[in-house]
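The following note is written for a reader who is new to protein structure. Please keep the sequence and the structure in view while going through the numbered points.

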Amino acid sequence: MVASPNNAGSLMGNGVLVQEGNSTTISAAPNTGYLFTGWSGDASGSTNPLTISVDAAKTITANFAQDTDDDDGDGLTNHAELLAHGTDKAKADTDDDGIEDGDEIRLGLDPKRDNADLVAFFGGSPSAPVASFEAGVAAVKANPTAYGLT
């Protein structure tokens, strides 16, 4: 039994060696930030756990993929929230400062640090820092030479 990719999950079963003619049950458990997507090799489908009949030597792979859903709608995948940023995949604004996690990442802020002072500086509107950032980027893109860029 093999996990693919190898750091994305684990496999459990009733033992590696099962006598021919018997059956055994195997199961796949995704690691944080991953989803189980199905079996390949000498097994197929996505039933989990899976009972297999042992009629010959078998090689079975449990396949996993990054969880690319965005449960909280903040613009970050669940995989990125859990593994790259350590934020709450069920909460768009992990630190409750009024700026969504995805926007904080784009602004270069820490989404786990309260930036209420920044929100207050921009007049109390959580969208103001994001709008200011986007306006600055647009200004530089419109006239890069004015900012010493070519």
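**Note on the predicted model**

1. The open sheet with strand order 2-3-5 comes first; it has three strands, and the pairing is antiparallel. Its edges are formed by strand 2 (9-13) and strand 5 (50-53), each of which pairs on one side only. On average, and with direction ignored, neighbouring strands of this sheet are turned by 30° against each other. It should be kept in mind throughout that the model is predicted.

2. Within this sheet, four bridges connect strand 3 (residues 23-30) with strand 5, and the two strands pair in the antiparallel sense. A reader who wishes to locate this pairing may look for Thr25, which stands opposite Thr51 in strand 5.

3. There is also an open sheet of three strands in the order 1-6-4, and its pairing is mixed. Strand 1 and strand 4 are at the edges with a single partner strand each, so one side of each has no neighbour in the sheet. The average turn between neighbouring strands here is 25°, direction ignored.

4. What makes the pairing of the 1-6-4 sheet mixed? Strand 1 (residues 2-4) and strand 6 run parallel and are joined by three bridges. Strand 4 (residues 34-41), by contrast, pairs with strand 6 in the antiparallel sense, over seven bridges. One residue pair can be given for each side: Ser4 has Asn63 as its bridge partner in strand 6, and Trp39 stands opposite Ala62 of strand 6.

5. Is strand 6 largely enclosed or largely open? Of the seven residues of strand 6 (residues 60-66), five are buried, so the strand is largely enclosed by the rest of the structure. A residue is called buried when its relative accessible area is under 20%.

6. Two peptide bonds deserve attention because of their cis form. The bond joining Ser4 and Pro5 is cis, with omega of about -10°; Pro5 has its place in the loop between strand 1 and strand 2. The bond joining Asn48 and Pro49 is also cis, with omega of about 5°. Pro49 is located in the loop between strand 4 and strand 5.

7. Another backbone detail concerns Asp96. Its phi is positive, at about 55°, although Asp96 is not a glycine. The residue lies in the loop between helix 1 (78-85) and helix 2. Asp96 counts as exposed because its relative accessibility is 55%, and the limit for that class is over 50%.

8. Asp103 offers a useful case of the intermediate class. This residue is found in helix 2, and its relative accessibility of 22% means that it counts as partly exposed. From Asp103 to Phe36 there are 67 residues in sequence, and the C-alpha atoms of the two are 29 Å apart in space.

9. Does the length of helix 4 agree or disagree with what is expected from its residue count? Helix 4 (residues 127-142) has 16 residues, which at 1.5 Å a residue should span 22 Å; the C-alpha atoms at its ends are 22 Å apart, so the two values agree. The buried residues of this helix are Ala128, Pro129 and Val130. The cover over these buried residues of helix 4 includes helix 2 (101-107) and helix 3 (116-121).

10. The chain as a whole can now be described. The protein chain holds four helices and six strands, and from the N terminus the elements follow the order β-β-β-β-β-β-α-α-α-α. Its radius of gyration is 24 Å, well over the 15 Å that the globule rule gives for 150 residues, so the chain is more spread out than a compact globule. Taken along the principal axes, the box filled by its C-alpha atoms is roughly 75 × 35 × 20 Å.

11. Three further values complete the description. Buried residues amount to 29% of the 150 residues in the protein chain. Among contacts with a separation of 6 or more, 39% are between residues 24 or more positions apart. The accessible surface of the protein chain is about 8600 Å², and carbon and sulfur atoms account for 52% of that surface.

Definitions and conventions. Residues are numbered from 1 along each chain as its sequence is written. This is a predicted model: local features need pLDDT of at least 70, side-chain atom pairs count only at pLDDT 80 or more; totals for chains, interfaces and linings use all residues. Side-chain values use heavy atoms; hydrogens and water are left out. Two strands pair if DSSP finds at least two bridges between them. Axes are lines fitted to C-alpha atoms, for helices over the stretch in contact, and angles run from 0 to 180 degrees between N-to-C directions. The expected span of a helix is 1.5 Å times one less than its number of residues. Buried means under 20% relative accessible area, exposed over 50%, partly exposed in between (1.4 Å probe, protein chains only). Contact means heavy atoms within 4.5 Å. The radius of gyration is taken over C-alpha atoms; the globule rule is 2.2 Å times the number of residues to the power 0.38. Accessible areas come from the Shrake-Rupley method with a 1.4 Å probe; for residues, only the protein chains shown count as cover.
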